[in-house]
There are 4 protein chains.
Amino acid sequence: MDDIDIAYLTEDKVQADILIEGLPGIGQVGKLVVEHMIQELGAEKVVDIISIYLPPQVLIDPGGVVRLPANEIFLWKGDEIAIAFLIGDFQSTSNEGHYLLADAYLDIAEELGVKRVYTLGGFGVGHLVEEPRVLGAVTDEKLIEEVTGAGGAMTGDEPGGIVGAAGLLLGLAAERGMDGICLMGETPGYLVDPKSAGRVLAVLTRLLGIEIDPTRLSEHAAEMEKILARYEEMERGKEEESLNYIG
Amino acid sequence: MDDIDIAYLTEDKVQADILIEGLPGIGQVGKLVVEHMIQELGAEKVVDIISIYLPPQVLIDPGGVVRLPANEIFLWKGDEIAIAFLIGDFQSTSNEGHYLLADAYLDIAEELGVKRVYTLGGFGVGHLVEEPRVLGAVTDEKLIEEVTGAGGAMTGDEPGGIVGAAGLLLGLAAERGMDGICLMGETPGYLVDPKSAGRVLAVLTRLLGIEIDPTRLSEHAAEMEKILARYEEMERGKEEESLNYIG
Amino acid sequence: MDDIDIAYLTEDKVQADILIEGLPGIGQVGKLVVEHMIQELGAEKVVDIISIYLPPQVLIDPGGVVRLPANEIFLWKGDEIAIAFLIGDFQSTSNEGHYLLADAYLDIAEELGVKRVYTLGGFGVGHLVEEPRVLGAVTDEKLIEEVTGAGGAMTGDEPGGIVGAAGLLLGLAAERGMDGICLMGETPGYLVDPKSAGRVLAVLTRLLGIEIDPTRLSEHAAEMEKILARYEEMERGKEEESLNYIG
Amino acid sequence: MDDIDIAYLTEDKVQADILIEGLPGIGQVGKLVVEHMIQELGAEKVVDIISIYLPPQVLIDPGGVVRLPANEIFLWKGDEIAIAFLIGDFQSTSNEGHYLLADAYLDIAEELGVKRVYTLGGFGVGHLVEEPRVLGAVTDEKLIEEVTGAGGAMTGDEPGGIVGAAGLLLGLAAERGMDGICLMGETPGYLVDPKSAGRVLAVLTRLLGIEIDPTRLSEHAAEMEKILARYEEMERGKEEESLNYIG
């Protein structure tokens with residue numbers, strides 16, 4: 001195998017206008033959005049990527065069939081736009097691997113004819129968020145208006161960086177002359193967060209000018225809310241109990 | 001030396017139908033099984049592998065003679081099946097090395113004509129197991145029936161992965177069109193476990209259609225049981241003593 | 001991208017007599033000095049360096065525009081001396097990367113015609129320093145007199161080493177037959193230290209025979225002093241309060 | 001620079017019968033022996049090795065002159081034997097680097113015509129040793145008699161390995177058909193140990209059939225004994241004091 005092994009699964013010429021990245025990360029926000037879009041749009045897998053920079057293991061699917069950790073590209077062709085989705089099991093296990101994988105993804109994107117890259121993620125705030133904002137970061141000032149026009153807030157006030165594929169894909173895309181927009185949903189950081197993912201989906205679909213039924217994501221979010229409510233109730237119960245002991 | 005240095009120890013053309021991996025791992029289960037098979041069948045060493053991805057040290061054999069850490073391939077030719085065994089001192093010290101070594105093992109396997117890979121290991125459960133099950137994982141659904149028919153249980157219910165050579169050899173074998181079956185004996189995880197190894201051997205030999213005398217492995221297991229029993233007795237003794245102090 | 005990607009931003013032939021390095025390090029002393037010099041002299045960026053050995057992330061500039069972590073070379077041409085400045089966001093994330101980046105910087109320096117390298121940094125002492133000394137280290141004995149003549153003290157009494165780019169650039173410059181001088185301002189180590197940077201600037205400009213207005217650096221240092229004074233007052237306040245509790 | 005940069009410092013043809021390694025390690029035993037031999041014999045430096053696998057820093061020599069961490073080969077030509085000594089500042093910072101450096105050292109050794117490699121080190125026992133033994137390990141059984149004949153004991157009873165250059169040089173030398181002997185002086189492990197170094201020197205010179213005045217090493221050992229004695233006295237003093245407090 002090569003250090004990064006790229007397998008095209010179709011002999012058809014595949015083309016896409018944009019790439020949307022949703023690899024695992026904070027609150028799994030990006031992954032939830034891209035998984036939802038792939039399901040709702042019925043996108044098809046066209047590229048399979050395995051690499052020595054991914055964890056050295058296999059994953060066991062239900063039933064007991066194993067597979068290598070992989071990152072994958074799915075394709076959906078609408079009437080006005082063709083979208084490539086980048087999704088996968090893991091990010092790189094090494095610093096250098098992060099760069100090399102991001103560069104390989106952009107090689108594929110360029111071959112597909114992609115002109116713009118969206119990267120999705122969570123913005124960890126360390127506490128529950130009632131109304132999570134969607135924070136944007138861009139490769140060029142000219143893109144700011146698009147993001148704010150679609151309901152995103154710019155991250156300029158909060159210093160810092162975007163670590164991993166969501167960041168590097170933007171930075172390396174700019175080097176190649178592609179546009180890049182990162183959308184990050186505010187999220188506690190310690191929970192899988194479909195509510196935050198829903199907000200990111202809303203801003204993203206407005207940016208893309210397509211419609212995607214958010215129902216399944218909303219249902220998932222409602223379930224999480226219930227679980228959290230039950231958990232909080234239990235915690236309150238424990239507290240009262242311990243107060244009773246003292247009293 | 002090359003990053004991975006492969007030395008064939010014979011000039012005869014070596015060929016094998018299957019490869020069985022038993023590198024060090026949880027409870028040393030895989031290693032115990034393959035060592036036992038090599039001894040019982042009288043398999044011969046045909047390949048020696050040293051690598052910069054193995055620990056940077058030498059091992060001192062009894063008597064004071066040193067040798068580099070190595071992984072080795074042994075060969076046994078039966079009437080109906082020829083088996084290559086992969087065994088060794090260590091697994092890779094780095095994530096990337098795990099991939100590169102597994103890929104090198106499969107290069108050798110392909111050259112030997114191997115069509116199917118078995119990987120053996122322990123499945124750590126964190127406590128003593130009275131009747132350890134043998135859990136199977138496969139590269140293809142069509143192999144499930146073989147495993148269950150030979151007394152293995154499928155791992156599908158327990159999520160997770162198989163880390164290291166036992167996992168990667170399956171995943172990378174599938175990429176090359178080879179079949180792969182992993183057998184994992186349930187084991188505490190903190191003990192060398194010949195009992196678990198005995199169960200894996202039983203399922204494996206049924207799968208292979210060969211017979212191997214398990215006596216030595218059973219004796220080893222019986223010894224371990226005695227040691228554990230003595231240890232438990234001592235622990236109980238201590239407990240009673242400390243109760244006496246209190247009383 | 002290459003492992004280290006060097007982009008020249010001008011088609012003019014760029015030349016420099018000396019290279020001054022001020023990458024991030026202890027007390028940010030070197031970075032403060034070089035940033036100050038670039039601003040005061042109006043040096044222009046001529047080279048952009050990105051690399052897989054820098055952290056795998058992007059930085060978000062105010063306003064929300066992202067950029068890859070980069071190291072950069074600025075150029076200033078005076079009447080009698082042309083200076084290349086090396087500045088940047090980060091140092092290497094790996095040991096090997098430190099060597100490979102330093103070697104690449106010196107490739108550029110050689111192409112520019114550089115004959116001497118100055119590296120700047122902080123010398124952490126672990127406590128506040130009223131009158132920070134500037135300690136020098138050199139690639140050749142013949143350079144000692146220059147350093148002490150300009151007000152620097154030699155480090156020979158205090159054993160140890162200089163870690164990272166400030167050290168390696170000297171060591172590798174010597175291998176190429178270039179001269180090298182390292183100037184380190186004493187600094188607590190746990191604070192950004194413009195006062196120490198001011199002292200390094202003073203010694204450095206004397207060595208270079210150029211004048212640079214230190215006002216902005218002095219103002220920055222005065223601000224830091226005020227912040228520290230306020231902080232100490234607060235700490236004393238807390239102490240007295242806690243004494244009152246006890247009393 | 002290359003990943004491992006080897007510079008020959010003489011244009012004369014250099015040749016050696018044996019290589020003796022004394023890189024930094026447990027108790028600095030090996031380094032003390034080789035430094036002593038180089039000084040007593042007046043060996044001359046013939047090769048300088050720098051590498052990205054050594055720590056990314058420079059060392060500051062007394063007086064303030066810096067130099068890259070290096071490993072070096074010295075040469076001494078006696079009437080009956082020519083010896084190459086390998087000594088240096090550090091061992092590799094990475095596992096892979098250990099292999100690559102050891103392999104490079106043996107490339108040089110082969111070019112010098114070396115037929116046998118001695119590696120020297122400490123054998124950490126975790127406590128002070130009144131009469132430290134010298135433990136031997138060899139690449140071939142036929143060498144055992146030589147070691148025991150010279151006063152060394154074989155390590156065969158104590159299981160384990162030899163980590164780093166002292167081990168790998170033997171293992172990789174054997175792959176090239178060279179003989180190899182490792183001599184390890186018993187040592188606490190937490191102290192620089194010239195006494196243990198003296199014992200290793202004694203066995204080694206008997207093996208080599210040369211004489212080397214051990215006086216300086218003995219003086220160094222006597223000094224260490226005094227320091228230890230004073231330290232123990234102080235510790236006893238503290239103990240008695242604390243007993244007085246209790247009493």
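## Chains B and A

Between chain B and chain A the count of salt bridges (a side-chain nitrogen of Lys or Arg within 4 Å of a carboxyl oxygen of Asp or Glu) is zero. This is a predicted model, where local features need pLDDT of at least 70, side-chain atom pairs count only at pLDDT 80 or more, and totals for chains, interfaces and linings use all residues. Side-chain values use heavy atoms, without hydrogens and water.

The elements of chain B that give two or more residues to the side touching chain A are α2 (95-112), β9 (134-138), β11 (161-163) and α4 (165-175); helices (H or I, at least four residues) and strands (E, at least two) are DSSP runs, numbered from the N terminus. In all, 26 residues from chain B and 23 residues from chain A are in contact, meaning heavy atoms within 4.5 Å. About 1900 Å² is buried between chain B and chain A, with carbon and sulfur atoms giving 65%; this is the accessible area (1.4 Å probe) that two parts lose on being put together, summed over both.

## Strands across the B–A contact

Here is a pairing to look for: strand β4 (residues 57-61) of chain A runs antiparallel to β11(B) over three bridges, where pairing takes at least two DSSP bridges. Within it, Leu59(A) has Gly161(B) as its bridge partner.

## Chains C and D

For chain C and chain D, the contact takes 26 residues from C and 23 residues from D. The area buried there is about 1900 Å², 64% of it from carbon and sulfur atoms, and zero salt bridges are found.

β11(C) pairs antiparallel with strand β4 (residues 57-61) of chain D over three bridges, and Gly161(C) is partnered by Leu59(D).

Technical notes:
Residues numbered from 1 in each chain as written. Chains lettered and ligands numbered in written order.
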